[in-house]
Amino acid sequence: MATIKIKQVRSRIGCPKVQKRTLDALGLRKLGRVVEHGDNPAIRGMIEKVKHLVSVEL
């Protein structure tokens, strides 16, 4: 399975609680943190919800 690298590039301050929970579910708790996840529809959906806060590498 392919992996996706996700990096938080913008602050979560002022974001709705749902978006903060999505970042937590992805494992992004600090600005600049990078995590790797498997490429699947669930992860893609989470990225879509917070695409303005993260950058993605395939």
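**Strand pairing and helix packing in a predicted model**

Val 18 is exposed, with a relative accessible area of 57%. That value comes from a predicted model, as do the others reported here. Val 18 lies in helix 1, which spans residues 17-26. Its C-alpha atom is 23 Å from that of Glu 57, and the two residues are 39 apart in sequence.

Gln 19 is also placed in helix 1. Its relative accessible area is 18%. The cut-off for a buried residue is under 20%. Gln 19 is therefore buried, whereas Val 18, at 57%, is exposed because the cut-off for that class is over 50%. Beyond its neighbours within four places in sequence, Gln 19 is in contact with Lys 49, Val 50, His 52 and Leu 53.

One of these partners, Lys 49, belongs to the set of helix 2 residues that helix 1 meets. On the helix 1 side, the contact involves Gln 19, Thr 22, Ala 25 and Leu 26. On the helix 2 side, Ile 43, Met 46 and Lys 49 take part. By class, this contact has four nonpolar, two polar and one charged residues. Helix 2 covers residues 41-49. The axes of the two helices are 10 Å apart, and the packing angle is about 140°. Angles over 145 degrees would count as roughly antiparallel, and 65 to 115 as roughly perpendicular. Helix 1 and helix 2 are therefore oblique to each other. Their crossing is left-handed.

Strand 1 comprises residues 3-8. Its covered face carries Ile 4, Ile 6 and Gln 8. Its uncovered face carries Thr 3, Lys 5 and Lys 7. In a regular strand, side chains alternate between the two faces of the sheet. The two sets in strand 1 interleave along the sequence: Thr 3 is uncovered, Ile 4 covered, Lys 5 uncovered, Ile 6 covered, Lys 7 uncovered and Gln 8 covered.

Strand 1 is joined to two other strands. Five bridges link strand 1 to strand 2, residues 34-38, and this pair runs antiparallel. Within that pairing, Lys 7 has Val 34 of strand 2 as its bridge partner. Four bridges link strand 1 to strand 3, residues 54-57, again in antiparallel fashion. Here the bridge partner of Gln 8 is Val 54 of strand 3. Lys 7, on the uncovered face, thus has a bridge partner in strand 2, and Gln 8, on the covered face, has one in strand 3.

Notes:
Residues are numbered from 1 along each chain as its sequence is written. This is a predicted model: local features need pLDDT of at least 70, side-chain atom pairs count only at pLDDT 80 or more; totals for chains, interfaces and linings use all residues. Side-chain values use heavy atoms; hydrogens and water are left out. Buried means under 20% relative accessible area, exposed over 50%, partly exposed in between (1.4 Å probe, protein chains only). Two strands pair if DSSP finds at least two bridges between them. Contact means heavy atoms within 4.5 Å. Axes are lines fitted to C-alpha atoms, for helices over the stretch in contact, and angles run from 0 to 180 degrees between N-to-C directions. Angles under 35 degrees count as roughly parallel, over 145 as roughly antiparallel, 65 to 115 as roughly perpendicular and the rest as oblique. A crossing is left-handed if the near helix is turned anticlockwise from the far one by less than a right angle, and right-handed if clockwise. Ala, Val, Leu, Ile, Met, Phe, Trp, Tyr, Cys and Pro count as nonpolar, Asp, Glu, Lys and Arg as charged, and the others, Gly among them, as polar.
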